[in-house]
Amino acid sequence: MSLNVENPIMTTMPPAPPLRLIDDLGHTVPHNESGGFTLPAVGTLLSLYRQMVIARRFDVQVTALTRQGRLATYPSALGQEACEIAAVAALDPQDWLFPTYRDSIALLTRGVEPKDILASFRGDWHSGYDYHTHRIAPQATPLATQALHAVGLATAAKLKRHDTVALTLLGDGATSEGDAHEAFNFAAVWQAPVVFVVQNNQFAISVPLDKQMACRTIADKAIGYGMPGYYVDGNDVAAMYAVISAAMDRARSGGGPTLIEGLTYRIEAHTNSDDPTRYRKAADVDLWRHRDPIERLEKYLVAQGALTDEVRASILAAAEELAATTRDCMTEQAVVDPLELFEHVYSTPRTALAEQRAFLAAELDGDAVASVVAREKSTR
Amino acid sequence: MSPNQPLQTGTAVRAPETLTMAAALNAAIHDAMVDDPTVVLFGEDIGPLGGVFRVTDGLYAEFGETRVSDSPLAEAGIVGTAIGMAMYGLRPVVEMQFDAFSYPAFQQIVSHVAKMRNRTRGKIQLPIVIRIPYAGDIGGVEHHSDSSEAYWTATPGLTVVSPSNPADAYSMLRGAIASDDPVIFMEPKSRYWSKASVALPVQTEPLDRAVVLRAGTDVTLIAYGPTVKTALATAAQAVTEGLSIEVIDLRSLSPFDDETVGASVQKTGRACIVHEAAQFGGYGAEVAARLTERNFYYLAAPILRVTGFDIPYPSPKLEEYYLPTPDRILAALSTWEWS
């Protein structure tokens, strides 16, 4: 017997088409289907296009480096560029981003250097950028935990009367976690200036969304928390940007949190150690390749005359330059210091840690036994 | 600010008064909030009610909802949002209503509170105090009497302390709030109503030090939180048997004060650790192991543990059989060969 019994409520509800502003063919949708959102200006869309192209080049480059065995792991966001780039583009400088391990291209788009993004994936340290400069929290690995941090930071900003908004990125699988529920609820009760952007890429590693939940959309859940929810075409960067920007404005003006679901697709495997052929069909991947967020916007921009060959060439050149920078930072010898292991555990030194540090230092000098004997003799 | 620095000067000096531990904790939070506008308080029932143990009594009325607020009933949410607040420059003091109700927050505490400084190479620090009323002997129903300290002491990155008396309760909580590191502040429920005369703002020993509460020559009895009273009663009772017991109140479980405890053990040559938590894998195992490693040649006998049994905490009518008592401790000491 399957655990997934048919849900009568779900089946009686009408299908919910995601909100979009530009369709798969690059055509704008009629105004009465746009949910009241206005298409961003062409200049904005061109900027989003540029950032998506550069982000994808980075993603493809890092995946290649991982396949070459030069990185410990890399969770790709290929195919999800519209969600990632729209989220970052909607941020003001004083806003904070709370990303997950899959959101490296969001970091890149907010200005983090490739070498600092890759510090964790190449194993130098658990995280490697300047959080306060970029106003980006460390990429969270335990699912949905960072959503609560975003709510807390947003609430602190509200208490200090700052106009800072926190935006957190989550995946569809993460919405099953208790911390997601608690974050949605705390945010709504406290009217925290926070925006939840759920990238529904349809798989939590291998498990499809219909085994995560029995409701129609993730966005539907918002009503249960008392906040607005939007179900958006996550491969339409115009729609994602318009909806996220409106949610940011709403949060900034004291209107509280918003839950936004972007329907998208993870084209790559979960990570390099995953085998997606075991749980999804090649035809499905092909279908989603044809709904590519970059190609769609490209069609629109070309039709508008905004994306000339010259502009395209300059974007591609910038993307290649970034790819080269990314490759170059892998050839740099990463300096890791074993004795740094003890440096950042507490704000003040601890005697026991100092002893362990001395032990490791002696071991590095080839004399670990001596350090233990010295301690034993001193207490004898 | 270092946890060992003196208190700030904004706190008025008061005449000695008889205070319960709960009142001393209340005064510590109050004074910290007066001195530091970044200190905020939230948790379950800590607002108008003042907490189920009244530790936050009156603070909502004095400081208002922006600094003292009832949160939704969700411990991971309380700790998780405290992390975000601390990242933005606040010093949250949050309450887990009871020991066993802190477990939903386990992931936030172990994976983030404890690791954030290390993960970010010190760029993000989390000055959060997580207050946890713990241990038994209050006739509590299930899930209201756990001694959960070993979960936290086994986690690098956390500071874990437990006061045993009103003066320490005040001083240690002020130190914990002033600390730039996250502190698990374990409050022994059975001692909330214990009284002492205290002149606030009292400053006792530094947060990371153990203290010798009673000097002795034959045995070092090591206790913390709720069992300090038991250890002192044991020492008093032992006098009639001609046994001189030195009682140490650890105060800080992590870090462990090797210096103070080691010096005592080297003097007496015999040590026994007393705690309410179950024995297997308990905090006493670490104490016994490190004291043995560092002081083996001074020891006249194996280090003993007198603890709760390796069973879930019992129901109210049976807890007296579970808790360490002076008689049980003295019986354990009598198993040593005394030459």
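Trainee: How many residues does each chain put into the contact between chain A and chain B?
Mentor: Chain B gives 38 residues and chain A gives 36 residues. Keep in mind that this is a predicted model.

Trainee: Which helices of chain B supply residues to that contact?
Mentor: H3, H4, H5 and helix H10 (283–295) of chain B each supply at least two residues of the side that touches chain A. The largest share comes from H3(B), with nine residues.

Trainee: And what classes of residue are on that side of chain B?
Mentor: There are 13 nonpolar, 17 polar and eight charged residues on the side of chain B that touches chain A.

Trainee: Let's stay with H3 and H4 of chain B. At what angle do their axes cross?
Mentor: Roughly 25°. The axes of H3(B), residues 75–87, and H4(B), residues 106–113, come within 8 Å.

Trainee: What do we call that arrangement?
Mentor: Angles under 35 degrees count as roughly parallel. H3(B) and H4(B) are therefore roughly parallel to each other.

Trainee: Which residues make the contact?
Mentor: From H3(B), they are B:Ala76, B:Val79, B:Gly80 and B:Ile83. From H4(B), they are B:Gln107, B:Gln108, B:Ile109, B:His112 and B:Val113. By class, this contact has five nonpolar, four polar and no charged residues.

Trainee: Which residues of H4(B) are buried?
Mentor: B:Gln107, B:Gln108, B:Ile109, B:His112 and B:Val113 are buried.

Trainee: What do they pack against?
Mentor: Within chain B, they pack against H3, helix H5 (116–119) and strand E5 (129–134). They also pack against helix H7 (145–159) of chain A.

Trainee: New topic: strands in chain A. How many residues of E3(A) are buried?
Mentor: Seven of its seven residues, so to speak a strand that is mostly covered. E3(A) spans residues 194–200.

Trainee: Which residues point which way?
Mentor: A:Val194, A:Phe196, A:Val198 and A:Asn200 point one way from E3(A). A:Val195, A:Val197 and A:Gln199 point the other way. In a regular strand the side chains alternate between the two faces of the sheet.

Trainee: Which strands pair with E3(A)?
Mentor: E2(A), residues 166–171, runs parallel to E3(A), and six bridges join them. A:Leu169 has A:Val197 as its bridge partner. E7(A), residues 258–263, also pairs with E3(A) in the parallel sense, over six bridges. There, A:Val195 has A:Thr258 as its bridge partner.

Trainee: How does the chain get from E2(A) to E3(A)?
Mentor: The chain crosses through helix H8 (residues 178–190) of chain A. This β-α-β crossover is right-handed.

Trainee: What about E6(A): are its faces covered or open?
Mentor: Both faces are covered. A:Gly229, A:Tyr231 and A:Asp233 are buried on one side, and A:Tyr230 and A:Val232 on the other. Five bridges join E6(A) to E7(A), and the two strands run parallel. A:Tyr230 has A:Ile260 of E7(A) as its bridge partner. The chain crosses from E6(A) to E7(A) through helix H10 (residues 237–252) of chain A, in a right-handed β-α-β crossover.

Trainee: Back to chain B. What order do the strands take in its five-strand sheet?
Mentor: The order is E9-E11-E10-E13-E14, in an open sheet with mixed pairing. The edge strands are E9 (211–214) and E14 (304–308), and each pairs on one side only. The twist averages 30° from one strand to the next.

Trainee: In which sense do E9(B) and E11(B) pair?
Mentor: Antiparallel, over three bridges. B:Arg214 stands opposite B:Val247 in E11(B).

Technical notes
Residues are numbered from 1 along each chain as its sequence is written. Chains are lettered from A and ligands numbered from 1 in the order in which they are written. This is a predicted model: local features need pLDDT of at least 70, side-chain atom pairs count only at pLDDT 80 or more; totals for chains, interfaces and linings use all residues. Axes are lines fitted to C-alpha atoms, for helices over the stretch in contact, and angles run from 0 to 180 degrees between N-to-C directions. Helices (H or I, at least four residues) and strands (E, at least two) are DSSP runs, numbered from the N terminus. Angles under 35 degrees count as roughly parallel, over 145 as roughly antiparallel, 65 to 115 as roughly perpendicular and the rest as oblique. Two residues are in contact if their C-beta atoms, placed from the backbone, lie within 7 Å. Ala, Val, Leu, Ile, Met, Phe, Trp, Tyr, Cys and Pro count as nonpolar, Asp, Glu, Lys and Arg as charged, and the others, Gly among them, as polar. A residue is buried if 20 or more other C-beta atoms lie within 10 Å of its own, exposed if 12 or fewer, and partly exposed in between; C-beta atoms are placed from the backbone. Two strands pair if DSSP finds at least two bridges between them. A crossover is right-handed if, with the strands pointing away from the viewer, the path from the first strand over the helix to the second runs clockwise.
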